[in-house]
Amino acid sequence: SLSMLDPRLNSRIINHGQYNLDNVQVFPVIYLLNSHNATHRLDLKGGLYAQICANGLTIMVSGSFSIHISEKHKNVDPERIYEDSKKYVEQIPAIFSKFEKWQKIELDPEFQEAFANYAREIRWGIEKKDKVSTKSILKINRKEDAGNNLWTVYNRIQENVMAGGFKANNHRKVKRINNIERQHFINDGLHQYANQLAVALG
């Protein structure tokens, strides 16, 4: 279902049903991203979350999908936000169909290594990427993460890069990324890279 929101706030707009991927319940959401002082345009971002245990803990399991609103902040109409959100809802079946195809694409070790290396670059930059190992980026955190298909590897990388929690090469704990804009910038990059792999290997 969709709900009308105040465009001045960062808000979750939808939780549109649940889908099953790799025996994990996944549900799509849309976030309304906005600055507190109207310094940049307002964006809608779509993403997927998964419930990973019985107590309801959820994690983001996919990159974001941009739904840009071109009007300047002061001209944004809540009705326009609602209509653009519906466009994302209409895309949801196609998005899940794509991820089902990703599950059928097996990644050889060299492709996993290249993906993890790109993930290091997009988070830490080329000059500082060596502060963490690709092994840490590819780390399996739970049994559901095991596997070498594109969907599984993509989500392992995404969670480790975004959530951190592992030791860097200097033995310091890698921190979680909490900035919303930074989260979506990295998620966009990882999603685009995975798409390129799907095209090349599919």
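**Exercise 1. Check whether helix α4 has the length you'd expect, then look at its two ends.**

Start with the span: in this predicted model, α4 covers residues 150-163, which makes 14 residues. From first C-alpha to last, α4 reaches 20 Å, close to the 20 Å expected at 1.5 Å a residue.

Next, go to the start of α4. There, a side-chain oxygen of asparagine 149 comes to within 3.1 Å of the backbone nitrogen of tryptophan 151.

Now hop to the other end: glycine 164 follows α4, and its phi is positive, near 60°.

Last, ask how covered the helix is. Of the 14 residues in α4, 13 are buried.

**Exercise 2. Classify the ring pair of tryptophan 102 and tyrosine 154, and work out what it links.**

Searching the whole structure turns up seven aromatic pairs. For this one, the ring centres of tryptophan 102 and tyrosine 154 sit 5.2 Å apart with the planes at 85°, so call it edge-to-face; the cut-off for that label is over 60 degrees.

Then place the partners. Tryptophan 102 belongs to helix α1 (residues 78-102) and tyrosine 154 to α4, so the pair ties together parts 52 residues apart in sequence. Both tryptophan 102 and tyrosine 154 are buried.

**Exercise 3. Find out what else surrounds tryptophan 102.**

First, list contacts beyond four places in sequence: among them are Asn149, Leu150, Trp151 and His191.

Second, look for rings. Trp102 shares one aromatic cluster with Phe99, Phe115, Tyr118, Trp151, Tyr154 and Tyr193.

Third, check the largest nonpolar core, which has 40 residues. Trp102 is one of those with the most contacts inside it, and elements giving two or more residues to this core include α1, α2 and α4.

Definitions and conventions
Residues are numbered from 1 along each chain as its sequence is written. This is a predicted model: local features need pLDDT of at least 70, side-chain atom pairs count only at pLDDT 80 or more; totals for chains, interfaces and linings use all residues. Side-chain values use heavy atoms; hydrogens and water are left out. Helices (H or I, at least four residues) and strands (E, at least two) are DSSP runs, numbered from the N terminus. The expected span of a helix is 1.5 Å times one less than its number of residues. Buried means under 20% relative accessible area, exposed over 50%, partly exposed in between (1.4 Å probe, protein chains only). A polar contact is a pair of N or O atoms within 3.5 Å; within protein, one must be able to donate a hydrogen and the other to accept it, and residues adjacent in sequence count only if both atoms are side-chain atoms. Rings of Phe, Tyr and Trp (its six-membered ring) pair if their centres lie within 6.5 Å; planes under 30 degrees apart count as stacked, over 60 as edge-to-face and the rest as tilted. A nonpolar core is a set of buried Ala, Val, Leu, Ile, Met, Phe, Trp, Tyr and Cys residues joined through side-chain atoms within 4.5 Å. Contact means heavy atoms within 4.5 Å.
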